[in-house]
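Let's walk through this protein together, from one helix out to the whole chain. Please have the sequence and the 3D view open as you read.

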Amino acid sequence: MGTGMQMAGAAGIGFGVYDAIKGYMDFEKEMSAVKAISGATEEEFQQLTDTAMKMGADTKFSATESAKALEYMGMAGWKTDEMIAGLPGVMNLAAASGEDLGRVSDIVTDAMTSFKLSASDAVMFSDVLAATATSSNTNVGKMGYTFQYVAPLAGALGYTIQDTALAIGAMADAGIKGEQAGTSLRALLTRLSSPTKDSANAMAKLGLSITDSAGKMRPLRDILSDIRKGFKNLTPAEQAQVAADLAGQDAMSGLLGIVNETDDKYNSLAESIDKSAGAAKRMADIRMDNLAGDLEYLSGDWDAFTMSLMKGAASTGLRGFVQEADKLLSNFSGNVEVNGLGIRSILSLIGDSIKDLKDKFLAFDGIGSILAGGALVFGLTKIVNLSRRAYDYLKNLTKAPSSTIPGAGGSSGVGDMIVQARTVIVNGSTTPGETTPGGKPSPQPLPTPGGGSRLGRLSRLAGRFGLGLTLASGALDIAMAGEDQRGQAVGGAVGSTIG
């Protein structure tokens, strides 16, 4: 198989797995962030990497998404063993809720810190949020916004996540959720713990105390129960007044939402929260028990497969491949400084780059050759972009009022230019028997004394990089084509190369 055919064919297949290459790149980049943030040792980092890849295979989430969740855990100060232990619970909650995994990890780690919970409580915490979301009119994302406002104060007062979730769920059933629920509950707890004149009067009217006989803070659930009982003895007008005094004008709606929840609904929500163990996993399993879920798991298996291919030698080889492209471009910059931005610099880059990258590409075997196609085109993209400039430069220099370069005039893109240039000029000589669109023989270059004019020399220069640029452009066309057009692009690349 010829070089051109092999490169075009491999590029076509390579773009079928280009997402695999990019996926591993993103994964490796995300894991580097995890390592930097967590301060993990090499051994710990390998454990985290293996965990993220395993989660990518066993769950609906990719290894990269798993790595992002680990990053938030690292930001919360969790150690390696804590991150590994806490990740499954967070992933179950994300799968159960349909929320972004990174966002859920952020919610859980931040709120757990506020409630003074350890990483070992991640599964319990996730179960409570899952149960609250399914038993009231809210979701994990909205609870995350609520926690931003109320969790630090609730945790400081010693209130549990279960009791706080009960209040959040009851308010959500009345349409008070998200940031509004957070500010309302925070205002209520503030005025209870540090009473104003109005809130102190309201507490006295309800016979409410937030501390026990020993001066310790009573559980939030007990306080809410006392408030609910006290409001039953008030008229609607009195309820509104007491709610305004107790929680403040802006937060009274949230308090009334808790108070006006029916006993059956309130008690059912409390029971769901108290018996929430395993709720996140059960919800995740139910949510994934369908064809879409099967495809998600299949995607995870593909993710694990491509990750395993990219580990070790394949990744090292591709990194060397890309580093070579970077070195060539750096050398080009130095060449420009010495020789200026002229034909010599541009053609030197194109010639060296095509040859070196092609040789490195052909050195790959099997799957390495396929995966290298994606990295090859990345390098060729840079080269073709510069080649477009080279073509424009050549066209301007060789433009004459009475004649044009055969095959070059009117080209609207680098791909057209390459095909036309190779049709007429190959290594400095014209192709015999070619005709113009009007059916007349192609005009031959005019002989000039002394071995050719400046125009002829520039034409020969164009011919020298025409073949290499054809390969680059063909690979680039495949890269830029839509999924439904890649077959046609591959065929075009092969035709341009062997035509």
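Which residues of H3 are buried? They are Phe45, Leu48, Thr49, Thr51, Ala52, Met53, Met55, Gly56 and Ala57. Here, buried means under 20% relative accessible area, exposed means over 50%, and partly exposed lies in between (1.4 Å probe, protein chains only). Helices (H or I, at least four residues) and strands (E, at least two) are DSSP runs, numbered from the N terminus.

Before going further, a word on what you are looking at. This is a predicted model, in which local features need pLDDT of at least 70 and side-chain atom pairs count only at pLDDT 80 or more, while totals for chains, interfaces and linings use all residues. Residues are numbered from 1 along each chain as its sequence is written, and side-chain values use heavy atoms, with hydrogens and water left out.

Back to H3, which covers residues 42-58. The expected span of a helix is 1.5 Å times one less than its number of residues. For the 17 residues of H3 that gives 24 Å, and the end C-alpha atoms are indeed 24 Å apart, so the two values agree.

Glutamate 42 takes part in a salt bridge with lysine 35, with the closest N and O atoms 2.4 Å apart. A salt bridge is a side-chain nitrogen of Lys or Arg within 4 Å of a carboxyl oxygen of Asp or Glu. How accessible are the two partners? Glutamate 42 counts as exposed because its relative accessibility is 55%, whereas lysine 35, at 27%, counts as partly exposed.

The structure holds ten salt bridges, and two others are worth a visit. One joins aspartate 274 to arginine 221, with 2.8 Å between the closest N and O atoms. Aspartate 274 belongs to helix H15 (residues 263-274) and arginine 221 to helix H12 (residues 220-231), so this pair ties together parts that are 53 residues apart in sequence. Arginine 221 is buried, at 18% relative accessible area, while aspartate 274 is partly exposed, at 49%.

The other salt bridge stays within helix H16 (residues 279-287), where aspartate 285 and lysine 281 lie four residues apart, about one turn of the helix. Their side chains meet at 3.0 Å, N to O. Aspartate 285 is partly exposed at 39% relative accessibility, and lysine 281 is partly exposed at 46%. Returning to arginine 221, salt bridges that share partners join Asp163, Arg221 and Asp274 into one network.

Now for the aromatic rings. A pair of aromatic rings is described by the distance of the centres and the angle of the planes. Rings of Phe, Tyr and Trp (its six-membered ring) pair if their centres lie within 6.5 Å; planes under 30 degrees apart count as stacked, over 60 as edge-to-face and the rest as tilted. How many aromatic pairs does a search of the whole structure find? There are three.

In one of them, phenylalanine 115 and phenylalanine 147 have ring centres 6.1 Å apart and planes at 85°, so the pair is edge-to-face. Phenylalanine 115 sits in the loop between helix H6 (101-114) and H7, and phenylalanine 147 in helix H8, 32 residues apart, so to speak linking distant parts of the chain. Both rings belong to buried residues: phenylalanine 115 has 7% relative accessibility, and phenylalanine 147 has 4%.

Phenylalanine 147 also pairs with phenylalanine 125 in a tilted arrangement, 6.1 Å centre to centre with 45° between the planes. Phenylalanine 125 lies in helix H7, so its pairing with phenylalanine 147 in helix H8 ties together parts 22 residues apart in sequence. Phenylalanine 125 is buried, with a relative accessible area of 0%. Ring pairs thus link Phe115, Phe125 and Phe147 into a cluster.Between helix H7 (122-135) and helix H8 (140-156) there is a loop that holds threonine 138. Threonine 138 is buried, at 11% relative accessible area. Contact means heavy atoms within 4.5 Å. Leaving aside neighbours within four places in sequence, threonine 138 is in contact with Thr132, Ala133, Met143, Ala172 and Lys177.

Finally, step back to the whole protein. Its secondary structure comes to 23 helices and two strands, and buried residues make up 46% of its 499 residues. Among contacts between residues at least 6 apart in sequence, 70% join residues at least 24 apart.
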